[in-house]
Protein chains: 4
Amino acid sequence: MKNSINFDIKTPALVEQGKRRIEWAWQEMPVLHILTKRFIHQRPLKNIRISGCLHITTETANLARTLKAAGAEIVLCASNPLSTQDDVAAALVKHYKIPVYAIRSETTEQYYQHINVALDHQPVITMDDGADLVSEIHKSRPELIPEMIGGTEETTTGVIRLRAMATEGALQFPIIAVNDAMTKHLFDNRYGTGQSTLDGIIRATNVLLAGKTFTVVGYGWCGRGIAMRAKGHGAKVVVTEVDPLKALEASMDGYQVMPLIEASKISDFIITATGDKHVVDKHHMQVMKDGCILANSGHFNVEINIPALESLSMNQHRPRPSVDEYILTDGRKLRLLAEGRLVNLAAAEGHPSAVMDMSFANQVLCAVYLANLKSKGKPKLENTVHNVPSELDREVARLKLAAMAIDIDTLTPEQQHYLSSWQEGTL
Amino acid sequence: MKNSINFDIKTPALVEQGKRRIEWAWQEMPVLHILTKRFIHQRPLKNIRISGCLHITTETANLARTLKAAGAEIVLCASNPLSTQDDVAAALVKHYKIPVYAIRSETTEQYYQHINVALDHQPVITMDDGADLVSEIHKSRPELIPEMIGGTEETTTGVIRLRAMATEGALQFPIIAVNDAMTKHLFDNRYGTGQSTLDGIIRATNVLLAGKTFTVVGYGWCGRGIAMRAKGHGAKVVVTEVDPLKALEASMDGYQVMPLIEASKISDFIITATGDKHVVDKHHMQVMKDGCILANSGHFNVEINIPALESLSMNQHRPRPSVDEYILTDGRKLRLLAEGRLVNLAAAEGHPSAVMDMSFANQVLCAVYLANLKSKGKPKLENTVHNVPSELDREVARLKLAAMAIDIDTLTPEQQHYLSSWQEGTL
Amino acid sequence: MKNSINFDIKTPALVEQGKRRIEWAWQEMPVLHILTKRFIHQRPLKNIRISGCLHITTETANLARTLKAAGAEIVLCASNPLSTQDDVAAALVKHYKIPVYAIRSETTEQYYQHINVALDHQPVITMDDGADLVSEIHKSRPELIPEMIGGTEETTTGVIRLRAMATEGALQFPIIAVNDAMTKHLFDNRYGTGQSTLDGIIRATNVLLAGKTFTVVGYGWCGRGIAMRAKGHGAKVVVTEVDPLKALEASMDGYQVMPLIEASKISDFIITATGDKHVVDKHHMQVMKDGCILANSGHFNVEINIPALESLSMNQHRPRPSVDEYILTDGRKLRLLAEGRLVNLAAAEGHPSAVMDMSFANQVLCAVYLANLKSKGKPKLENTVHNVPSELDREVARLKLAAMAIDIDTLTPEQQHYLSSWQEGTL
Amino acid sequence: MKNSINFDIKTPALVEQGKRRIEWAWQEMPVLHILTKRFIHQRPLKNIRISGCLHITTETANLARTLKAAGAEIVLCASNPLSTQDDVAAALVKHYKIPVYAIRSETTEQYYQHINVALDHQPVITMDDGADLVSEIHKSRPELIPEMIGGTEETTTGVIRLRAMATEGALQFPIIAVNDAMTKHLFDNRYGTGQSTLDGIIRATNVLLAGKTFTVVGYGWCGRGIAMRAKGHGAKVVVTEVDPLKALEASMDGYQVMPLIEASKISDFIITATGDKHVVDKHHMQVMKDGCILANSGHFNVEINIPALESLSMNQHRPRPSVDEYILTDGRKLRLLAEGRLVNLAAAEGHPSAVMDMSFANQVLCAVYLANLKSKGKPKLENTVHNVPSELDREVARLKLAAMAIDIDTLTPEQQHYLSSWQEGTL
């Protein structure tokens, strides 16, 4: 199904399934509900053109619906060729009238073509999941820069790239690091990536975790979510790190900490979550146990050195849909999940809707914040990477608790005074 | 694909996929490897006709291969219409030459017809997963009884049924309760059902568990496995019980314990694992939270009173493949997974191979044990339910540890003496 | 304070403190409350002479009060020289009028002298915590045997000794293994020993557990309680075992399993809970890390080979009250807690009252059961080791739940019927 | 034992015990070892007068030894009248020649007198554990301000007070918030307070935690450490909060979150860790369960409203050394531990040495940093609250890992480049 002007998706056949799945996710996204109700009358994004380069999933569909309800003109392309859910893409186009350019398993050429079609939309706000829109604008579409109000970035990896750009003075419009919102990184990366990474591994392999040695490479928010859930499955969890603070914390959290070269010798599973390149490299593969399962939970498929794996192998086959089994020349087998792409999206369904709810509520509130800067004639933000304004972040938390029917306490005036006072002593 | 004499399966189209999946599981079943190597020359099951009414999964395929390698003449039918993996059935027939009578989603009529075809094989040993073969023999095929050496039973539910028969004096041949082997129930039900039940729920719903209230009905081995894994996912776990000892244990394990009618009001998930009927009943449904997810992990689909659910509903639809959403007349939605059938098989892939490895090693050793009774002219067992002989059980544990490359300690003669002595005092 | 007829305790000085502590414990022992209320009028133990060789703690004091309220003539001696709480002994004598023969740190000679004074009481029921009364009767006081109705035994270690006696045909009166009651061993050993062993270790050392390697020798009920709590403190827990079933279970529970000789090289703590002798032996000590902390949680102080430790040492001193630091000839230090005696009693206060409540409720109900056999003219039990009658065990569980204000469900008649029926099939 | 010039301690009688305990702690403080070795020759604190108002514990003794080895002229007074360990005070004076002014249970008058004696030392650097030195200098000893290089603050509570002072423009010399160092608050508050608070509660009460409802008031670093360890003891943990972000996080970590007034009705334990006043107040006490145990883990004894508790009570007594049992007029009993002072210090031994090692290594490095500013003629810091310089913080982490014999990975130059580069795309 192709329409050169408005969308490029795989097939409209699954459109009803796509709609049912989007509605299912909607029920787990109560903060977006509340924001939709609030903005459908105010229309704070009226006439604002937004291009989103995001994983095309049911949750992203609900983000797009909310942005559209707030008045935005939104188009979407994929931020990863393997993460597109074709039924969702179809339903977005047909039922929600949102242009989508994304086909699961599209080629590299198609992928960048779709990014460029999304940029033809002439966005004033970008939403990225890995900085590809921003990167492409700077590299190939500099004519868009003058009109840009700003962008948002959803991932750790993207924020790292964008900060590097800002440090070099290369970044030419402001970015809000939604990834760094408390209600995003404290929840999405830890609880979302934690559950969905284990889900991806189990769907891909159906292997028992209890009693197995499970190594997590990187103890950032994603890594600690993965470690926590692997422990919750009864695995013996090993953590490897390069940062002494995180290494110490992992050790005191009860995990074994050791260099990856040592962990490689004893692991049944090795999962990467670092945002860096070739963290699982040839010399690690040379000492791995027969049957070791390798997967990546970081944004790009560069964390595991796949060319090195291929160079060590004499043969490979696919015993299950998301598993490639490499037969090494010494007879050992190493199993790579989802071609080294992020396993929670490629072998499962990505983050559960409930965590994306908070992350995407930040996206919506940040888009409105950026649009308001312009519409209210305020000065543009500096061309650097900004934090989500703290009042937005706390607003998301308050809405989420309300949706969960959890009441909390409030400080009395006396207690507030005490906290801001320094004249009461020990005795 | 139908051949009235030898097999009845859905389609041969997926035969290669079935084979790949069976081989994948084989790698996680090292104890069956060892037994295959041991018995392929001894052929202790030569000329022994075995009928297995088992879930037709990759692991069962490997059990059947091992039995066949040991000389048995084995045929298989399904023990649950929804658990049959059609690709496995096809591969068993084509690649492993094992007759299978099982089609996913077969009708009740077909289901019993297949059981009867499996009985036409004139088994001398039965292998049951819910006692349907034994039950059918006693009800409709009494002519088979005189030649029966005995049977094995894989499930708690089946053992309960068979013990009831034995107590009434109705059981006419001996059964070995493989389910009660230490290396079965301590591992299979707890670690296998635990992981795969959560896997089934997550695959069916993709809902985040962290922060949700998750009620486990029944704190037997299955229930505690489910509770342990739900806690490992960050859920707040509630346990309901009828047995004061188990209730106390659940409470001291840190779970909230309360009557189900109370739990119904606060739960996001309610999972049954009791072996009993209508444990989730109409009055519970009447007080459940909007959106509550119901699933069953017990053998039969009677634990949740589905007719009651239907009677309360004005409408129902299927938002995701394994989810039926019931719209109640008061507007609340209740979501039933996998039609109330055991969710780990119907919405996921059942127990991971690694736990089935031990359970099925017990099956093989018990079949050999029964066959040896006959071939060596020993007296038949009494017509009751027997435990797995303890030496077989420990043999399975020893083989599994060896396969996991785990060494353990051994008692010195002095230590053995100390344990069996009573003359050393406190001082 | 000595009175050759009625008691032998250290000092009456702490009598009021003893009383306050006994009353404190009483509040955590609601099942004994209920039994006291029930029996104070019925007086089922009237004229029954009971000798108890038990740890003289606040909980034992409350057991003795309950027995006395039920009419028994009870005397107590210590089952371990280091576990006696002298204030409790004083209060038992003064406030509760119960004869006690126990002095903390008494000599071996005194210890056995006290046992013999307790036997001078001419008990018809014994209560043992390590079988010393029964053992002494068989060895030195056979004249008591004809009048004995029976005894009870509280510990795993004692039950092992008594079963060995029974197997040899040496046991000359019946014993009820209170230790094996579900409401005892499922709770007392796991939750009680778990918490109090960690408590003893922390009180003795004040060392941080998070991040440390903590080895549990033996994965019985005590061992798994200790492992669970050590894990709950953030330690990396290693389990060593001689039983393949328990070793497998420990592995699947997420612990590292290895031979003790390997664990010795990496452990910061090694805790024994086996009931066996010299499980931590010279060759283990030779490879331990500098600073390793050794403690025992089993009944007797033989689990760690202390003579071997001494033979390896050139020096020793006591840096904290319950710690002996051995300086080995190679310069390493090994620290032994509580002289290898059970660390939860010697360095802390033993099991929390709440678990002893259930265990001691079994003691009371078993004493009444034994007394009733005699008073109602029923035949004596066989001279072997008996289980606690299951109706008593469940009664304790029911009373405990009631005391915790926890309601549970009950089966409907239809559900009871279903469980005992075998004619309902799969479909 | 009193010497108006040099020290004021309770008794020299326990001096040898104090020394043994200080040396025991020393073994758990390997980072201080390394710093002692490094600074004993460099003497970077030569001629620097330091006054420390700190808990007088074995760990503080080792901090003082290290500072002295680095050349400092150090005097100590207590930061809490109940936390002083008199044997340690004695040993500091006698064996380590460090002036100490601290007596356990000193009066308020003595407490402030000791603070003033410590200020008579004319410090140029202060070390506070609750901001009392800084506060007293500002209130009563302004003449000291001109010579002050700066101070350090160890607690959350103190930092809150000091930030309030800085905000008001009242702070007249710079403070480094050692409390906020990553290697302090990520470890000390969470693992140290976690373990030691539970230790204090258990030593005070010997009550079983498994199966009990345990409420933690406040989910800051201390609160989450306490919650984690209470869960690790098998308790059902409830968290109360005023901050929506922390409340959400607690919920997703699997704890029940509710207002304290609801938690009060069901809790067996309520522990405060907020840094605020009267968080457990009269209306909470009015609905608490009979027997509820109350304790505080925050710095000051104001978190539980003790006057309110007294006003509700008709009687009170002390059943165990650190427990006051209040008998309310309605007959309920509430038990307050350690008079509402921080329970981990008052009823146990405070943080284990291993966590204080990192915190105190920060203290030493910060003192050297401040001294270097002066000796190297650099400008004074601004008169506000400063973070620990990040290079010092990471140095502490590196030293600690080295001491634990844990190796970690390092980035390759290629990996470092990748992290700082933005030109590599998705494909």
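These are my notebook entries on how the chains of a predicted model meet, and on one sheet in chain D.

**Entry 1: chains A and D**

I started with the contact between chain A and chain D. I found 71 residues from chain A and 72 residues from chain D taking part. I then looked up the buried area. Chain A and chain D bury about 6,700 Å² between them. Carbon and sulfur atoms give 62% of that area.

Next I looked for charged pairs. Four salt bridges cross the interface of chain A and chain D. I picked out one of them, between Arg190(A) and Glu249(D). Their closest N and O atoms are 2.8 Å apart. A salt bridge calls for a distance within 4 Å, so this pair qualifies. I also noted 13 residue pairs in polar contact between chain A and chain D, both residues being at pLDDT 80 or more.

Which elements of chain A give two or more residues to the side that touches chain D? I listed helices H5 (108-120), H6 (132-140), H7 (156-167), H8 (182-205), H10 (244-252), H16 (390-403) and H17 (413-419) of chain A. The largest share comes from H10(A), with seven residues. By class, I read 35 nonpolar, 16 polar and 20 charged residues on the side of chain A that touches chain D.

**Entry 2: chains D and B**

I moved on to chain D and chain B. Here the contact takes 13 residues from chain D and 13 residues from chain B. The buried area is about 910 Å². Carbon and sulfur atoms give 57% of it.

Which three residues supply 46% of the area that chain D buries against chain B? I found Lys236(D), Met252(D) and Gln256(D), and no other three residues supply more.

How many salt bridges cross the interface of chain D and chain B? The count is zero. I did find two residue pairs in polar contact across the interface of chain D and chain B, both residues being at pLDDT 80 or more. The side of chain D that touches chain B has five nonpolar, five polar and three charged residues.

**Entry 3: the axis**

I superposed chain D on chain B. The fit needs a rotation of 180° with 0.0 Å of shift along its axis, and the RMSD is 0.0 Å. The two copies are therefore related as by a two-fold rotation axis. In chain D, the C-alpha nearest the axis belongs to Lys236(D), 4.7 Å from it. Lys236(D) is also one of the three residues I named for buried area.

I checked the two surfaces as well. Of the interface residues of chain D, 100% are also interface residues in chain B, so the copies meet through the same surface.

**Entry 4: a sheet in chain D**

I traced an open sheet of eight strands in chain D, with mixed pairing. Its order is S11-S10-S9-S12-S13-S16-S15-S14. The edge strands are S11 (256-257) and S14 (313-320) of chain D, each pairing on one side only.

I looked at one pair of strands. S9 (residues 213-217) and S10 (residues 236-240) of chain D pair in the parallel sense over five bridges. Val216(D) has Val239(D) in S10(D) as its bridge partner.

**Entry 5: salt bridges overall**

Over all chains I counted 102 salt bridges. One links Lys212(B) to Glu28(A), with the closest N and O atoms 3.1 Å apart. Lys212(B) sits in the loop between helix H8 (182-205) and strand S9 (213-217) of chain B. Glu28(A) sits in the loop between helix H1 (15-27) and helix H2 (30-42) of chain A.

How values were computed: Residues numbered from 1 in each chain as written. Chains lettered and ligands numbered in written order. Predicted model: local features only at pLDDT ≥ 70, side-chain atom pairs only at ≥ 80, totals over all residues. Heavy atoms only, no water. Contact = heavy atoms within 4.5 Å. Buried area = accessible area lost by both parts, 1.4 Å probe. Salt bridge = Lys/Arg side-chain N within 4 Å of Asp/Glu carboxyl O. Polar contact = N/O pair within 3.5 Å; in protein donor to acceptor, adjacent residues only side chain to side chain. Helix = DSSP H or I, 4+ residues; strand = E, 2+ residues; numbered from the N terminus. Nonpolar A, V, L, I, M, F, W, Y, C, P; charged D, E, K, R; others polar. Least-squares fit on C-alpha atoms with pLDDT ≥ 70 in both. Pairing = 2+ DSSP bridges.
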